[in-house]
Amino acid sequence: MSSNSRLPYGARAQKHPNALVRKLFEIAEAKKTNVVVSADVTTTKELLDLADRLGPYIAVIKTHIDILSDFSQETITGLKQLAEKHNFLIFEDRKFVDIGNTVQKQYHGGVLRIAEWAHIVNCSILPGEGIVEALEQTVKAKDFPYGSERGLLILAEMTSKGSLATGPYTVSSVEIARRHRDFVVGFVSTRALTDVQSAEVPRSEDEDFVVFTTGVNLSSKGDKLGQQYQTPQSAISRGADFIIAGRGIYAAADPVEAAKQYQQQGWEAYQARLVQ
Ligand code: 5BU
């Protein structure tokens with residue numbers, strides 16, 4: 001466990017150089033939640049309805065915008081309004097994995113215009129470091145208006161059975177993140193990666209990457225398609241700063257009650273790991 005994991009979100013917010021991370025930690029502290037709901041529903045109505053009902057209990061909403069059957073401007077406008085209303089951030093789980101020239105178009109343009117509304121996106125480093133540079137260029141462009149409110153997570157590990165995002169791939173993820181600390185705000189991983197040793201890019205004293213952990217579920221161990229779950233307590237004790245739950249919340253009989261339960265358990269586990 002890193003020393004940062006033992007600090008309160010508020011303290012990390014105060015000394016973090018990245019404006020988006022400061023905002024994220026401030027939200028967590030203000031709302032007493034480290035829950036990210038993965039709102040994997042397939043219509044705009046369901047998505048906005050979930051966002052509005054769960055908004056008070058979450059720090060971030062995670063979307064797969066391309067699974068909506070009726071995506072339109074209304075989807076974006078609605079999500080943005082609810083993010084303001086309930087003070088949460090939007091994370092589009094796009095998992096970019098292509099050459100720089102293509103990901104720039106996928107990020108900024110196209111029908112989804114992800115860069116306009118998603119505070120956070122993620123990418124795999126399978127194509128090499130250029131993918132991070134390309135995405136970073138998009139938000140650093142002079143005419144891009146949301147630059148300081150955009151950040152990238154590197155997909156350093158995956159939760160599915162037999163995942164190949166391990167070993168040298170994970171080490172490279174950390175090295176690339178360390179070289180792009182302006183834009184890479186953290187990782188999607190199943191644990192903190194502060195123990196990753198690299199002679200090439202050693203860990204610096206003041207580095208504070210945010211760890212988002214997917215595959216969190218209170219009542220299930222996995223699904224029939226290879227998903228593997230851990231509990232909020234387990235994820236947070238392994239270094240997760242934010243726990244991501246999908247079906248555990250949105251498919252529950254009462255999603256609001258479920259969100260409150262994840263919020264409580266996530267918050268208690270976070271408090272338990274703080275320096276006493
Ligand atoms: P679930 O319903 O809690 O299993 O949903 C998990 C979500 O997190 C879903 O949107 C996945 O696409 C996403 N996910 C994941 O499950 N495992 C990973 O390693 C990554 C993303 Br990266």
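How many bridges join strand 6 to strand 7? There are 3, linking residues 184-188 with residues 210-213, and the two strands run parallel. One partnership to look up is Phe187, whose bridge partner in strand 7 is Val211. Strands here are DSSP runs of E with at least two residues, helices are runs of H or I with at least four, and both are numbered from the N terminus. Two strands pair if DSSP finds at least two bridges between them.

Before going on, a word on the model: it is predicted, with local features needing pLDDT of at least 70 and side-chain atom pairs counting only at pLDDT 80 or more, while totals for chains, interfaces and linings use all residues. Residues are numbered from 1 along each chain as its sequence is written, and side-chain values use heavy atoms, leaving out hydrogens and water.

Now step back to the whole sheet. Its 8 strands close into a barrel in the order 1-2-3-4-5-6-7-8, with parallel pairing. On average, neighbouring strands are turned by 25° against each other, direction ignored.

Next, find helix 3 (residues 44-54) and helix 4 (residues 73-86), whose axes come within 10 Å and cross at roughly 5°. Axes are lines fitted to C-alpha atoms, for helices over the stretch in contact, and angles run from 0 to 180 degrees between N-to-C directions. The two helices are therefore roughly parallel, a label for angles under 35 degrees.

Finally, visit the ligand. It is surrounded by 16 residues (a heavy atom within 4 Å), and the closest are Asp40, Thr159, Gln227, Tyr229 and Arg247. A polar side-chain atom of Asp40 lies 2.7 Å from a ligand oxygen atom.

Notes:
Parallel < 35°, antiparallel > 145°, perpendicular 65-115°, else oblique. Polar contact = N/O pair within 3.5 Å; in protein donor to acceptor, adjacent residues only side chain to side chain.
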